[in-house]
Amino acid sequence: MLPILIMIMFGIFYGGLAYDRQLTLTQGAREGARFGATLPTAPTDDFFDDVFDVALGAAGRHVDASGTDFFACVRFVPESGTPTTRTRGTGPPGACTLQGTPPSGPHLQVMVARTASLELVFFRAQPLVRGEAFARYEGPS
């Protein structure tokens, strides 16, 4: 019984760590989306860089912005509906596909992701943990 109990305890522990990482990434995405939605400048390369900096800074304890173990995506969708997307980091193909339902009108979508490490006695996995947020754009078009 002890080996089974130990495996269950490790599973709970690593599952909790992955959940904590996901919550932190979601908070970073929210901070970045809210910051970008209220910037008083039109979306330019500097605009996207500022949004990345805020999002990755808010998710800082789980994302090393100088490393390659994360992926971030910022998408600005103007009134015309033709989005502009910028990415940072390395991610799997299609990783910038945002899963939530965006608001109507101009909006900003931010996603921050990284791989988690789940290690049990005889099992090892590295799932992609992601956080995403949407915010209605309030700046100039």
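How many of the residues of strand E1 are buried? In this predicted model, 8 of its 8 residues are buried, so E1 is mostly covered. The views below start with the whole protein and then visit E1 and its surroundings.

**View 1. The whole chain brings together 2 helices and 6 strands.** If you follow the sequence from its start, you meet the elements in the pattern α-α-β-β-β-β-β-β. The protein has 141 residues, and 35% of them count as buried. About 7,900 Å² of the protein is exposed, with carbon and sulfur atoms supplying 59% of that area. Among contacts with a separation of 6 or more, 65% are between residues 24 or more positions apart. One example of distant positions being brought together is Met7 with Phe123: these two are 116 residues apart along the chain, yet 10.0 Å separates their C-alpha atoms.

**View 2. Four strands line up as an open sheet in the order E2-E1-E3-E6.** The pairing in this sheet is antiparallel. E2 and E6 are the edge strands, each pairing on one side only. From one strand to the next, the twist averages 10°. As general background, strands of a sheet pair through backbone hydrogen bonds, and they can do so in a parallel or an antiparallel way.

**View 3. Strand E1 has a partner in E3 and another in E2.** On the E3 side (residues 107-115), 8 bridges join the two antiparallel strands. Here you can find Val74 of E1 opposite Val110 in E3, and Phe71 opposite Ala113 in E3. On the E2 side (residues 84-89), 6 bridges join the strands, which again run antiparallel. Phe71 is a handy landmark here too, standing opposite Gly89 in E2. E1 and E2 form a hairpin, with 6 residues between them. Look in the turn for Gly81, which has a positive phi of about 90°.

**View 4. Both faces of E1 are covered.** In a regular strand, side chains alternate between the two faces of the sheet. On one side of E1 sit Phe70, Ala72, Val74 and Phe76. On the other side are Phe71, Cys73, Arg75 and Val77. All of these residues are buried, Arg75 included.

**View 5. The two helices meet the sheet at different places.** Helix H1 (residues 2-37) lies across E3 and E6, and runs at about 25° to E6. Helix H2 (residues 45-58) packs on the sheet, where it touches E1, E2 and E3. The direction of H2 makes about 45° with that of E2. Back on H1, is Met7 buried or partly exposed? Met7, which lies in this helix, is partly exposed, with a relative accessible area of 36%.

**View 6. Ring pairs link Phe47, Phe48, Phe76 and Tyr137 into a cluster.** A pair of aromatic rings is described by the distance of the centres and the angle of the planes. The protein has 4 aromatic pairs. One of them joins Phe47 and Phe48 edge-to-face, at 5.4 Å centre to centre and with 90° between the planes. Phe47 has 2% relative accessibility and counts as buried; Phe48 is buried as well, at 2%. Phe76 and Tyr137 also form an edge-to-face pair, with 4.7 Å from centre to centre and 75° between the planes. Why does this pair tie together parts of the chain that are apart in sequence? Phe76 lies in strand E1 (residues 70-77) and Tyr137 in the segment after strand E6 (128-136), so the pair connects parts that are 61 residues apart. Phe76 counts as buried at 7% relative accessibility, and Tyr137 does so at 6%.

**View 7. On strand E6, Glu132 makes a side-chain contact with Arg130.** The contact is polar, with a distance of 3.0 Å. Glu132 is in strand E6. Is Glu132 buried or exposed? Glu132 has a relative accessibility of 19%, and it counts as buried because the cut-off is under 20%.

Definitions and conventions: Residues are numbered from 1 along each chain as its sequence is written. This is a predicted model: local features need pLDDT of at least 70, side-chain atom pairs count only at pLDDT 80 or more; totals for chains, interfaces and linings use all residues. Side-chain values use heavy atoms; hydrogens and water are left out. Buried means under 20% relative accessible area, exposed over 50%, partly exposed in between (1.4 Å probe, protein chains only). Contact means heavy atoms within 4.5 Å. Accessible areas come from the Shrake-Rupley method with a 1.4 Å probe; for residues, only the protein chains shown count as cover. Rings of Phe, Tyr and Trp (its six-membered ring) pair if their centres lie within 6.5 Å; planes under 30 degrees apart count as stacked, over 60 as edge-to-face and the rest as tilted. Two strands pair if DSSP finds at least two bridges between them. A polar contact is a pair of N or O atoms within 3.5 Å; within protein, one must be able to donate a hydrogen and the other to accept it, and residues adjacent in sequence count only if both atoms are side-chain atoms. Axes are lines fitted to C-alpha atoms, for helices over the stretch in contact, and angles run from 0 to 180 degrees between N-to-C directions.
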